[in-house]
Amino acid sequence: MGKPTGFLDYNRQNNEGTSPLERIKHYNEFHTPMEEADRKQQAARCMDCGVPFCQNGKPIMGMVSGCPLNNLIPEWNDLIYTGEYDSAAHRLLITNNFPEFTSRVCPALCEAACTCGLNGSAVSVKENENFIIEYAFSSGMMKANPPQVRTDKKVAVIGSGPAGLACAAQLNKRGHNVTVYEKDDRIGGLLMYGIPNMKLEKQVIDRRVELMKAEGVSFVTNANVGENVKAEDILNDYDAVVLCCGAGNPRDIKAENRDAKGIYFAVDFLKATTKSLLDSNLQDGNYISAKDKNVVIIGGGDTGNDCVATCIRQGCKSVVQLEMMPKLPDERAENNPWPEWPRVCKTDYGQEEAIAKFGSDPRLYQTTVKEFVKDEEGNLKGVKTVNLKFVYDKKAGRNVMQEIKGSEEYLDAELVLIAAGFLGPNKYIADAFGVAINERSNIATEAGKYNTNVEKVFTAGDMHRGQSLVVWAIREGRDAAADVDEYLMGYTCLK
């Protein structure tokens, strides 16, 4: 590396963020990039460790450690330090189609596996990646580069989330004629309507889509294949079809009075807020408002955290986030050593804002809703919660969750948001194309393959592997593109 002692000379520093009470006044991203000289120092901390687990992306004890895209992290860290930014961008884009997305929303599996993290703080890989790609755009390096030669093959990609966009980009680069169909009014899928602006401002997506258009990819919006667009027409018009429609079937909560007015799925809440924000800066009122309401969010993951942050910006009266699992330790346990994924408690941006706004962490652990309470008009007015514990079930051969008798409590709630995950893709899509579903409700393929049981129909992303991360969706989209290319041409050079 250019600075062999960098990891000894410099401490980790992060981009400064706006204070919680200030940033809740808007929906914009809130981190300020550091000075170029400071970024070079952060890149210099990459220590030429010999075995770069950061780019491994393989399961260790059942949890993936390192980047699933196998980004060439030590290489472009060194190139940042030496000021060779164009070369750094070139190396980054070899493996990652959309660094501007992953550098904003990825939980940084790379950093969890960083060797520096064994005895100190990991290299700031995610922010280094963001520096590279934003330099590439601002410098004019990111110009349209359409393929010099086109094949006569036509491919339809259904869904414009990260898997669909990555698949389309790869197939277009190969010279195939690609059309992306999106059921919503804007391109981006999960990126557009599933992730709040605070984490990913939408002009970042639009910027990439415009570049893809200039490179020859076609996009069709308001095209809900299987409903207002016939699957048979797609099959007749294209040489291959790739289903990248995500895991759009949210997991419900089955509790008494589930029909109370004021209970919504988190995905609908977030989508409505973002769409109204983009359409009218929230002036049209076409969103689910948390203003002056007591809010209970069921689910302790990233989506639940995004709901916390959004509710605070809307002016909620209070917010509570229910988590069924126990609180993770603040530091690695002895049975969770590096380079395993660190199973530690993370306080995310929304929870930080709740602490600053209301004075306490919004999360209640090992707790779930036992009953929804409604008034005479059917409006939600509260929830009854119950605490949970793990009990070993001899018959099942595993630990199961069990209610703790006498632990019931009542919480005021005029709005409940269910952020309990997803159970696979919407069934109508699978039915429209006649593709098989596996035992996990995902589109079935052979292990390591992306072709379905239907000739020329492939799949990728969350509808193939289940609800997952943006970085995994990109990985799936790239790998599916290679399978499609081989199917069309008899060989592939995309892998």
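Visitor: In helix α18, what separation do D479 and R475 have along the helix?
Guide: The model is predicted, and in it helix α18 spans residues 470-489. D479 and R475 are four residues apart in this helix, so the separation is about one helical turn.

Visitor: How far apart are the closest N and O atoms of D479 and R475?
Guide: A salt bridge requires a nitrogen of Lys or Arg within 4 Å of a carboxyl oxygen of Asp or Glu. D479 and R475 form such a bridge, and their closest N and O atoms are apart by 3.1 Å.

Visitor: Does R475 count as buried or exposed?
Guide: The cut-off for a buried residue is under 20% relative accessible area. D479, at 23%, is therefore partly exposed. R475 has a relative accessibility of 16%, so R475 counts as buried.

Visitor: Which residue forms a salt bridge with K346?
Guide: K346 is partly exposed, with a relative accessible area of 47%. The partner counts as buried because D348 has 19% relative accessibility. The closest N and O atoms of this salt bridge are 3.6 Å apart, and the partner of K346 is D348.

Visitor: What is the relative accessibility of D9?
Guide: K3 and D9 form a salt bridge whose closest N and O atoms are 3.3 Å apart. K3 counts as partly exposed at 22% relative accessibility. D9 also counts as partly exposed, and the relative accessibility of D9 is 42%.

Visitor: Which residues are linked with R23 in a network of salt bridges?
Guide: The count of salt bridges in the model comes to 32. One network of such bridges links R23 with R313, E352 and E353.

Visitor: What is the order of the strands in the open sheet of five?
Guide: The pairing in this open sheet is parallel. Its edge strands, each pairing on one side only, are β9 (263-265) and β12 (363-365). From one strand to the next the twist averages 20 degrees. The order is β9-β17-β10-β11-β12.

Visitor: Which residue in β17 does I298 stand opposite?
Guide: Strand β10 covers residues 294-298 and strand β17 covers residues 415-418. The two pair in the parallel sense over four bridges. Opposite I298, in β17, stands I418.

Visitor: What angle does the direction of helix α14 make with that of β11?
Guide: Helix α13 (residues 266-280) lies across β9 and β17 and runs at about 80 degrees to β9. Helix α14 (residues 302-314) packs on the sheet, where it touches β10, β11 (318-323) and β17. The angle between the directions of α14 and β11 is about 175 degrees.

Visitor: Which residues are buried on the two faces of strand β8?
Guide: In a regular strand, side chains alternate between the two faces of the sheet. Strand β8 (residues 240-243) is covered on both faces. The buried residues are A240 and V242 on one side, and on the other V241 and L243.

Visitor: In β18, which residue is the bridge partner of V241?
Guide: Strand β8 runs parallel to β5 (residues 154-158), joined by four bridges, with L243 as the partner of I158. Three bridges join β8 to β18 (residues 457-459), also in parallel. In β18, the partner of V241 is V457.

Visitor: What accessible area do M324, M325 and F390 have together?
Guide: M325 lies in the loop between β11 and α15 (349-358). M325 counts as partly exposed because its relative accessibility is 39%. With M324 and F390, M325 forms a nonpolar patch on the surface, and their accessible area together is about 260 Å².

Definitions and conventions
Residues are numbered from 1 along each chain as its sequence is written. This is a predicted model: local features need pLDDT of at least 70, side-chain atom pairs count only at pLDDT 80 or more; totals for chains, interfaces and linings use all residues. Side-chain values use heavy atoms; hydrogens and water are left out. Two strands pair if DSSP finds at least two bridges between them. Axes are lines fitted to C-alpha atoms, for helices over the stretch in contact, and angles run from 0 to 180 degrees between N-to-C directions. Contact means heavy atoms within 4.5 Å. Patches are made of residues with over 30% relative accessible area and no salt bridge: like charges are joined within 9 Å, nonpolar side chains (Val, Leu, Ile, Met, Phe, Trp, Tyr) within 5 Å. Accessible areas come from the Shrake-Rupley method with a 1.4 Å probe; for residues, only the protein chains shown count as cover. A salt bridge is a side-chain nitrogen of Lys or Arg within 4 Å of a carboxyl oxygen of Asp or Glu. Buried means under 20% relative accessible area, exposed over 50%, partly exposed in between (1.4 Å probe, protein chains only).
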